[in-house]
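Here is a short report for someone meeting this structure for the first time. Look over the sequence and the model, then read on.

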Amino acid sequence: MALSLACWGLMALFALIASAQASFLPTDPSGLRLIQVGPNPETDRRLVSPREILRMVHERHENPSVMMGPGFVDLTGLEYDPAELSLDATNTYTYPNNATQQHIVWPLIQELDKDKMTSFLGTFSTFHNRYYMSPTGVESHEWLLDHVTSIARQAGRNDISCRFHHHVDFPQPSVICTMRGNSPNSTIRNQIVVCSAHSDSINTKQPLNGRAPGVDDDGSGVAGCVEIMRVLANSNYRPSRTIEFHAYAAEEVGLRGSASVAQTYFAKGTPVYAVAQNEMSGYVKPGITPHINLVNDNVHQGLVSLMEELALEYVDLPTRRTTCGYACSDHASWTQYGIGAVATAEAGPKDDWVNPKMHTDGDDMDLFNPDYALEFAKLNMAFIVECAEFRG
Ligand SMILES: *[C@@H]1O[C@H](CO)[C@@H](O)[C@H](O)[C@H]1NC(C)=O
Ligand SMILES: *[C@@H]1O[C@H](CO)[C@@H](O)[C@H](O)[C@H]1NC(C)=O
């Protein structure tokens with residue numbers, strides 16, 4: 001009796017330890033969500049209802065000075081609490097600080113086709129919306145997986161595979177394609193360079209059933225990564241590192257797709273070398289001189305500098321750094337797990353040239369500027385290849 005009690009006590013202790021490590025952020029049975037609204041986990045965490053989340057998303061849109069991204073991270077159910085880990089990407093890998101792969105990058109850049117990006121967006125934006133809970137939010141992602149799968153198949157590439165990353169508590173999946181690395185060194189070959197964007201869309205006035213074509217936000221970013229993948233798939237280039245294309249579900253409601261993908265990679269110890277998040281890249285406000293914004297917070301500073309050098313080498317537009325704010329897009333999901341990430345965008349939240357139709361039924365093809373979007377694709381292509389080939 002005493003013995004078995006001691007045994008139970010020990011088992012309970014182990015269970016406690018295990019649960020402390022593995023499910024630090026439980027799902028609340030009442031359906032409340034655990035969110036973080038600022039950088040300090042001590043003071044910036046709240047338990048809120050799903051209805052409250054929709055209200056926050058809506059209010060944020062009504063306030064133009066803080067309207068980019070959700071502004072909060074939904075941490076509900078994550079097994080690894082980033083705040084407990086306090087990871088820092090600064091020392092994990094060495095990165096290039098300048099262009100050295102011109103002989104590979106230039107020919108690839110010349111194959112990027114703005115008409116292909118336009119035609120991709122023309123279809124991707126016809127779904128009523130790509131909201132993470134709606135039927136068309138799922139159908140649009142089934143179409144996206146078919147589309148990227150057929151790119152790989154038509155190019156005859158067995159080394160490229162595409163799949164869904166399913167999410168446990170909402171129906172919209174994320175989409176991931178992997179182009180396997182070719183370095184003879186398995187450490188290098190297994191490291192992953194990611195081209196990412198978020199593939200959901202939202203109409204903040206009527207999230208559940210409003211029309212949200214999401215051409216600029218963030219169809220334009222997805223179009224950039226898909227076009228980069230199409231060009232790489234049809235070229236003779238075989239990357240040293242592995243290259244992946246990520247289209248994240250549910251960014252607009254708390255970076256939920258990317259948080260889940262980043263945590264999964266972290267938990268498995270999958271080595272992610274660098275991530276380039278492609279935020280909106282399709283709208284140029286009449287009268288302004290177009291340029292590329294590089295997000296300057298919640299990113300890896302060395303990689304931002306690299307982006308600046310690569311833009312000087314490969315791109316016809318100037319760059320400028322911008323502060324995006326807490327949880328403004330999916331790069332933050334990687335940064336919080338200690339992975340080097342950067343993000344490009346047409347504007348920061350304090351800039352007055354951001355697309356005025358974002359998060360509405362008017363974020364449509366008539367405002368899409370293919371020449372502008374093409375420059376972002378060039379820069380991200382350069383980043384992906386320079387990172388994939390770097391020998392530090
Ligand atoms: C990158 O290369 C260019 C051209 O060679 C050079 O002007 C620049 O100083 C270099 N930047 C860095 C950070 O080394
Ligand atoms: C493979 O690459 C890693 C990372 O750069 C390096 O530390 C290691 O020495 C390399 N292995 C060989 C056999 O060259």
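## Helices on the sheet

In this predicted model, helix 9 covers residues 256-268. Helix 9 lies across strands 4, 5, 6, 7 and 8. Its direction is at about 145° to strand 7.

Helix 8, residues 215-233, also lies across strand 4, strand 5 (174-179), strand 6 (192-198), strand 7 (242-248) and strand 8 (272-278). Helix 8 runs at about 145° to strand 6.

## The sheet

The sheet is open and has eight strands. Their order is 4-5-7-6-8-11-9-10, and the pairing is mixed. Strand 4 (160-165) and strand 10 (319-322) form the edges. Each has a single partner strand, so one side of each lacks a neighbour in the sheet. From one strand to the next, the twist averages 20°.

Strand 10 runs parallel to strand 9 (residues 292-295), and four bridges join them. Take Asn293: its bridge partner in strand 10 is Arg320.

## Ligand 1

Asn97, Asn98 and Glu309 surround ligand 1. A polar side-chain atom of Asn98 is 2.4 Å from an oxygen atom of the ligand. For Glu309, a polar side-chain atom lies 3.3 Å from a nitrogen atom of ligand 1. On its own, ligand 1 exposes 360 Å², and the protein buries 32% of that.

## Ligand 2

Around ligand 2 are Asn185, Thr187 and Ile188. An N or O atom in the Asn185 side chain lies 2.3 Å from an oxygen atom of ligand 2. Alone, ligand 2 has 370 Å² of accessible area, of which the protein covers 28%.

Notes: Residues numbered from 1 in each chain as written. Chains lettered and ligands numbered in written order. Predicted model: local features only at pLDDT ≥ 70, side-chain atom pairs only at ≥ 80, totals over all residues. Heavy atoms only, no water. Near = heavy atom within 4 Å. Polar contact = N/O pair within 3.5 Å; in protein donor to acceptor, adjacent residues only side chain to side chain. Areas by Shrake-Rupley, 256 points an atom, 1.4 Å probe, with all protein chains shown as cover. Pairing = 2+ DSSP bridges. Helix = DSSP H or I, 4+ residues; strand = E, 2+ residues; numbered from the N terminus. Axes fitted to C-alpha atoms, helices over the stretch in contact; angles between N-to-C directions. Contact = heavy atoms within 4.5 Å.
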